[in-house]
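I sat down with this one over coffee and kept notes as I went. Here are my entries, in the order I looked things up.

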Amino acid sequence: MKYAADGKKRSDVMVPSLATGTRLVLNIVTEQAWSGTGAKLAFAITVDGGATDSAGNALQLYDGRIGAVQVLDASSSVNRGIAWRTNSGDLAVLRSVAVKEFADTAHTILAWRVVGGDSAPAPRVPDACPTRARRECDASATQAAPARFLVADYRRPSWSKDGRTLYVGLRRREPATELPKNGDGKVSEVEIWLERKKLLDANK
């Protein structure tokens, strides 16, 4: 693996083949995870540093058994929190959803059963989402999550042992109107530091 330069989150990943002596180079990878079985590598491609509406972002799958790369999902969103179920081909990821009314970023849940292989019944994510081999659920847009809550990326998705349930983290939404802005309409980034002595004197 070739690591990213300082201050950058993207890397070039090199996957060598011991059988053929060749190597596959995967560019602008922001996240990756090998499955516990089947020699499969799920990886996220993010262009333009993850800027909003960046064409070319994708979640892809490399299958080491046949040396092929498959696109699982392509959009302008950023994929985070790649999670394989232990000793299984079941895969989950969070895909970003930016809404101008909110200052934060929500996530759609994507989940596959035996990704890259024969399909099986999909895992159970929030009940308001449709059932199919690949499941896609925007929990914040349904009744699957409490009102004004989002699926957050602070917690990586985790699978139940039997693979029937997928757990994600929730966080309360932050409306954009609650953020202080300067005269240019941009979010102010100001830090105020006070020495401890001055604070003590002020309380006398």
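**Entry 1: Ser160 and its surroundings**

I started at Ser160, where a polar atom of the side chain lies 3.3 Å from the backbone nitrogen of Arg164. I should say at once that this is a predicted model. The Ser160 side chain also makes a polar contact with the side chain of Asp162, at 2.7 Å. I placed Ser160 in the loop between strand E11 (158-159) and strand E12 (166-167).

Is Ser160 buried or exposed? I found a relative accessibility of 12%, so Ser160 counts as buried; the cut-off for buried is under 20%. Leaving out residues up to four places away in sequence, I listed Arg85, Thr165 and Tyr167 as the residues that Ser160 touches.

**Entry 2: confidence**

Next I checked how far to trust what I was looking at. The protein chain averages a pLDDT of 76, and 68% of the residues score at least 70. Which elements have the lowest and the highest mean pLDDT? I noted helix H1 (residues 196-202) as the lowest, with 41, and E6 as the highest, with 96.

Over residues 1-8 the pLDDT is below 50, and this stretch has 12 contacts in the model beyond near neighbours in sequence. I also marked residues 118-132, where pLDDT stays under 50. For residues 118-132 the model has 38 contacts beyond four places in sequence. My reminder to myself: where pLDDT is low, the predicted coordinates should not be read in detail.

**Entry 3: the five-stranded sheet**

I then turned to the sheets. One is an open sheet of five strands in the order E1-E2-E3-E4-E5, and its pairing is antiparallel. Strand E1 (11-16) and strand E5 (68-75) are the edge strands, each pairing on one side only. From one strand to the next, I noted an average twist of 45°.

How many bridges join E4 to E5? I wrote down seven, with strand E4 covering residues 57-63 and the two strands running antiparallel. To pin the register, I looked up Gln60, whose bridge partner in E5 is Val71.

**Entry 4: the four-stranded sheet**

The other sheet I looked at is open as well, with four strands in the order E6-E7-E8-E9 and antiparallel pairing. Here E6 and E9 are the edge strands, and each pairs on one side only. The twist averages 20° from one strand to the next. E6 and E7 run antiparallel and are joined by four bridges. For a register mark I took Ala83, whose bridge partner in E7 is Ala92.

**Entry 5: the nonpolar core**

Which residues of the largest nonpolar core touch the most other members? This core has 13 residues, and my answer is Leu72, Ile82, Trp84, Leu91, Trp112 and Val115. Strand E3 (40-45), E4, E6, E7 and E8 are the elements that give two or more residues to the core.

I followed up on Leu91. Leaving aside neighbours within four places in sequence, its contacts include Ala42, Leu72, Ile82 and Trp84. Leu91 is also in contact with Leu110, Trp112, Val115 and Trp159, among others.

**Entry 6: two residues with positive phi**

Two backbone angles caught my eye. Asn87 has a positive phi of about 55° although it is not a glycine. I found Asn87 in the loop between strand E6 (79-84) and strand E7 (91-98). At 63% relative accessibility, Asn87 counts as exposed.

Val114 is not a glycine either, and its phi is positive at about 50°. Where does Val114 sit? I traced Val114 to the loop between strand E8 (105-112) and strand E9 (134-137). Its relative accessibility is 30%, so Val114 counts as partly exposed.

**Entry 7: Gly169**

My last stop was Gly169, in strand E13 (residues 169-172). With a relative accessible area of 3%, Gly169 is buried. Beyond four places in sequence, I listed Leu150, Val151, Ala152, Tyr154 and Arg155 as the residues that Gly169 touches. I also checked Ser158, which is 11 residues from Gly169 along the chain; their C-alpha atoms are separated by 9.5 Å.

Notes. Residues numbered from 1 in each chain as written. Predicted model: local features only at pLDDT ≥ 70, side-chain atom pairs only at ≥ 80, totals over all residues. Heavy atoms only, no water. Buried < 20%, exposed > 50% of the residue type's maximum accessible area, 1.4 Å probe, protein only. Polar contact = N/O pair within 3.5 Å; in protein donor to acceptor, adjacent residues only side chain to side chain. Contact = heavy atoms within 4.5 Å. Pairing = 2+ DSSP bridges. Axes fitted to C-alpha atoms, helices over the stretch in contact; angles between N-to-C directions. pLDDT = per-residue confidence, 0-100. Core = buried A, V, L, I, M, F, W, Y, C linked by side-chain atoms within 4.5 Å.
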